[in-house]
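Thanks for sharing this one with me. I have put my comments below as numbered points, so please keep the model open while you read.

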Amino acid sequence: MTDAPSWWWADLGGLPAPRPPLARDADADVCIVGAGFTGLWTAYELCRADPSLRVIVVESEVAGYGASGRNGGWLLGELSTGAQLRDEAGEQAIAALQRAAQQTVDEVAAACARERIDCDLVKGGSLTVAQTDAQLARLRHMGRGELLDAHAAAARVRVAGLRGARFTPHCARVHPAKLCRGLAAAAERHGATIHERTPALSIAPGHVRTPHGEVRARWVVRATEGYTPTLPGARRELLPLRSSMIVTEPLDGATWAQIGWQGGATIDDAAHAYCYLQRTADGRIALGGRGHPYHFGSRTDRADTVVGDTVRQLRRRLERLFPILRGVAVEGAWAGVFGVSRDWAASVHCDRITGLCWAGGYAGEGVAAANLAARTLRDLILGRDTELTRLAWVEHRSRSWEPEPLRWLAVQAVYGLMRTADAIESRTGRPSRLAALAGAVAGR
Ligand SMILES: Cc1cc2nc3c(=O)[nH]c(=O)nc-3n(C[C@H](O)[C@H](O)[C@H](O)COP(=O)(O)OP(=O)(O)OC[C@H]3O[C@@H](n4cnc5c(N)ncnc54)[C@H](O)[C@@H]3O)c2cc1C
């Protein structure tokens, strides 16, 4: 792979040449730190809503270098809420939040059409497949979507040992790097300025300090999700969880016919330590899973190389789903981090007094959520009282993560328990209680 942090970027010929860094001190109305989906959509939405606003985005690498240019490309109409937020907000408010998340899939599709962003977007829904009776039992209790028996599920995809599946229409497949590239250009067309290779050294009310100068702004938006712990004073706010991915060579027509996976539906499995897949526009399978989920001390390696045992583990998952793919060439492997709050709820914040705003904690479901967060931040910053600003995740507070070594131990325990639960379930066919224990340790 070139200097690209994911196969998605390699597919576009590597990362683009960086935009000029900040040259000197600057004044703006809004300074956004981080040019992933959260930062870029926020810049785009603000500039569209009020073209007179001066919006500056500072990005430590280049736009889309983080999770936004590395993910599985699931534009999923669902938000991570967590038990605490569900209890506090109540059923109706959570339903309104999930409806807004569902509508976001079409919002993003409409914005891509409007801005002529070609990112291979296909709204084909999403299928969660069960390969064991225990997984099928879990799918039966999942509230959303349509439950399919083994026969109906096999008509959509022929997974080995398929017991059944759940289908939701609220998901589209995208090529994440194409979306980042197109969105950054759209934000610029609408008037935003993006400075790359410009890391924020500190964020404070009214200003963002970088090695090249300071940006003074009424509003400062922190849009650094999984990288947030690297900022002073924010080490324990979000946990950077790692996800790793592989992508196969393009599969030929005969192989696709045997797999029987039609259209753009994304697929995951109902394992506790689940994996997620997309069929790319050029006929490959991109598959992701946890690998080594966490580095001690919330360390985030920028380039993030994937070790051989993770590639082997992900390949085994692929072969367990589709045995016909034994021996298929893997042409890319990469990893990235996303942010998880202590109670697993995503949230959006805007302090009108200090002007400090942030959004994140999407817990691995951030591709669509970042757009919803951005439209919400737009309304909050512009002082509008809208349906978006009244959604339950706005100003939802989560406590900090524990100091080390407790954080590291908890993550190892949770993923160890989930993997053991999966192994027990495939052996016995019965749901394992260890998964509930993992949930309790994680505080979900
Ligand atoms: C492998 C993987 C697969 C995933 N799959 C999916 C999926 O299929 N569907 C889904 O919904 N979600 C998925 N996610 C999660 C999703 O990608 C993220 O939640 C989402 O992209 C977060 O966007 P963001 O803009 O908030 O953060 P990021 O995209 O991480 O952007 C943050 C940006 O801030 C920059 N930055 C960091 N520190 C500083 C600083 N000090 N100064 C300036 N800039 C800084 C970074 O370089 C980065 O570009 C996945 C994540 C990973 C890692």
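The points below cover one strand and its partners, then some salt bridges, then a single threonine.

1. A word on the source before anything else: this is a predicted model, so please read each point in that light.

2. I would begin with strand β11, which spans residues 213-222. Seven of its ten residues are buried, so the strand is mostly covered.

3. Which strands pair with β11 in the parallel sense? Strand β1 (residues 26-33) does so over seven bridges, and strand β18 (residues 356-360) over three bridges. To find these pairings on screen, look for Val30 opposite Trp219 in β11, and for Arg222 opposite Trp358 in β18.

4. Strand β10 (residues 207-210) runs antiparallel to β11, with four bridges joining the two. Here Val208 stands opposite Val215. The two strands form a hairpin, with two residues between them.

5. β11 also takes part in a salt bridge. The structure holds 24 salt bridges, and one of them joins Asp25 to Arg216, with the closest N and O atoms 3.8 Å apart. This pair links distant parts of the chain: Asp25 lies in the loop between α1 (7-11) and β1, Arg216 lies in strand β11, and 191 residues separate them. Both partners are partly exposed, Asp25 with a relative accessible area of 45% and Arg216 at 34% relative accessibility.

6. Another salt bridge connects two helices. Glu107 and Arg375 have their closest N and O atoms 3.9 Å apart. Glu107 belongs to helix α4 (residues 91-114) and Arg375 to helix α10 (residues 369-381), 268 residues apart. Why does Arg375 count as buried while Glu107 counts as partly exposed? The cut-off for buried is under 20% relative accessible area; Arg375 is at 8% and so falls below it, whereas Glu107 is at 36%.

7. Do look at Arg163 and Asp133 too, whose salt bridge has its closest N and O atoms 2.8 Å apart. Arg163 sits in the loop between α6 (150-154) and β6 (164-168), and Asp133 in helix α5 (residues 133-141), 30 residues apart. Elsewhere, Glu45, Arg378, Asp379 and Arg384 are joined into one network by salt bridges that share partners.

8. Last, Thr266, which is found in strand β13 (residues 266-269). At 0% relative accessibility, Thr266 is buried. Its side chain makes a polar contact of 2.8 Å with that of Ser126. Beyond its neighbours within four places in sequence, Thr266 has contacts that include Trp74, Cys171, Arg173 and Leu277.

Definitions and conventions
Residues are numbered from 1 along each chain as its sequence is written. This is a predicted model: local features need pLDDT of at least 70, side-chain atom pairs count only at pLDDT 80 or more; totals for chains, interfaces and linings use all residues. Side-chain values use heavy atoms; hydrogens and water are left out. Buried means under 20% relative accessible area, exposed over 50%, partly exposed in between (1.4 Å probe, protein chains only). A polar contact is a pair of N or O atoms within 3.5 Å; within protein, one must be able to donate a hydrogen and the other to accept it, and residues adjacent in sequence count only if both atoms are side-chain atoms. Contact means heavy atoms within 4.5 Å. Two strands pair if DSSP finds at least two bridges between them. A salt bridge is a side-chain nitrogen of Lys or Arg within 4 Å of a carboxyl oxygen of Asp or Glu.
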